[in-house]
Amino acid sequence: MKILGRRQFHLGSILEIMAIKVHGIPLSTATTRVVSCLIEKDLDFEFVFVDMANEEHKKHPFLSLNPFAQVPAFEDGDLKLFESRAITQYIAHTYASNGIQLILQDPKKMAIMSIWMEVEGQKFEPLASKLTWELVIKPMIGMGSTNDAIVKESEEQLSKVLDIYETRLTESKYLGGDSFTLVDLHHIPNIYHLMNTKAKTMFDSRPRVSAWCADILARPAWVKGLEKLQK
C-alpha cells in the first residue's frame with residue numbers, strides 16, 4: 001500500500017495513477033475510519049491532505065467532492081462519495097473478495113450486523129464524538145477550555161450505551177457477530193482517542209467492553225493506518 005500527497009508516482013518507467021483517493025486529515029475520526037477500512041481490505045490508495053487551517057475544505061475543487069465542506073471525501077475512479085460510513089460500506093461490498101471480510105453473507109446475520117451499525121451511528125457516535133472533541137481535539141488545536149458540563153452529560157449517557165454493549169458482548173465476540181466487521185471498525189477512531197483520556201475508565205470498568213476495545217485497537221490495519229498518517 002502506498003499513501004501519497006498530491007503526487008503521482010513512477011514504478012520503473014510506468015506512470016501509475018491511483019484510482020482510489022481519500023481526501024482528509026489525520027486528526028479526523030471519519031478520515032481514519034475510511035483509511036482503516038481500505039487497509040483491512042488490502043487496497044492501494046492515495047491520501048490527499050486537506051488544508052483545513054486555510055479553509056481548503058470550504059472552497060472548490062473540494063466542494064465538488066463534498067458540498068457540506070467536511071472530510072473525508074472519497075474517489076474511486078469516476079465515483080465520488082462522502083460520509084465515512086457510506087464509504088466503508090461501499091468498500092466492503094465492492095471489494096468483498098479483498099483482504100478481510102467486513103460484511104456477513106448470511107441475510108439474518110447481516111440484518112443483526114446492520115442493527116449494531118445503526119447503534120454505533122445513532123447511539124455511540126454522537127456521545128463519543130462530543131467527548132473526543134472536548135477531551136482531545138479541542139485542547140489539541142487550541143479551541144478553548146474543556147466544557148465540563150458537556151463532558152459530564154456525555155459520559156453519563158455513554159455509560160448507559162456501554163452497559164448495553166457489555167450485555168451484547170456476552171452473546172458474541174464482536175458487536176456485530178462472531179467476527180470483526182464494519183460495526184467494530186466504525187467504533188475504533190473515537191475509542192482510540194478516548195483511551196488516552198479520563199473517559200477510559202468507562203470502558204475499563206466493563207470487562208467485556210474492555211477486552212473488545214483491546215482487541216479492535218490492536219488490529220494491524222488500524223495500527224498501520226496510524227503509522228502512515230502520522231508520517
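Asp204 comes out as partly exposed, at 36% relative accessibility, and Lys200 sits in the same class at 32% (buried is under 20% relative accessible area, exposed over 50%, partly exposed in between, with a 1.4 Å probe and protein chains only). The model is a predicted one, in which local features need pLDDT of at least 70 and side-chain atom pairs count only at pLDDT 80 or more, while totals for chains, interfaces and linings use all residues. Residues are numbered from 1 along each chain as its sequence is written, and side-chain values use heavy atoms, with hydrogens and water left out.

Asp204 and Lys200 pair up in a salt bridge, with their closest N and O atoms 2.4 Å apart (the rule asks for a side-chain nitrogen of Lys or Arg within 4 Å of a carboxyl oxygen of Asp or Glu). Both belong to helix α7 (residues 200–204), four residues apart, or about one turn of the helix; helices here are DSSP runs of H or I with at least four residues, numbered from the N terminus. Elsewhere, Arg33, Arg85, Glu120 and Glu125 are joined into one network by salt bridges that share partners. The count of salt bridges comes to 13.

Helix α5 (residues 148–168) has a similar story to tell. Glu156 and Lys152 are four residues apart in α5, about one helical turn, and their side chains meet in a salt bridge at 2.7 Å, N to O. Glu156 is partly exposed at 44%, whereas Lys152 is exposed at 51%. Arg168 bridges to Glu171 with 3.1 Å between the closest N and O atoms; here Arg168 is buried at 12% and Glu171 is exposed at 56%.

Then there is helix packing. The axes of α3 (residues 84–94) and α4 come within 13 Å and cross at roughly 160 degrees, the axes being lines fitted to C-alpha atoms over the stretch in contact, with angles from 0 to 180 degrees between N-to-C directions. The two helices are therefore roughly antiparallel, a label for angles over 145 degrees.

Helix α4 also holds Leu127, which is buried at 9%. The C-alpha atoms of Leu127 and Val151 are separated by 9.1 Å, with their positions 24 residues apart along the chain. Leu182, in helix α6 (residues 182–194), is buried at 0%. Its C-alpha atom is 9.3 Å from that of Ser114, 68 residues apart along the chain.

Definitions and conventions
Parallel < 35°, antiparallel > 145°, perpendicular 65-115°, else oblique.
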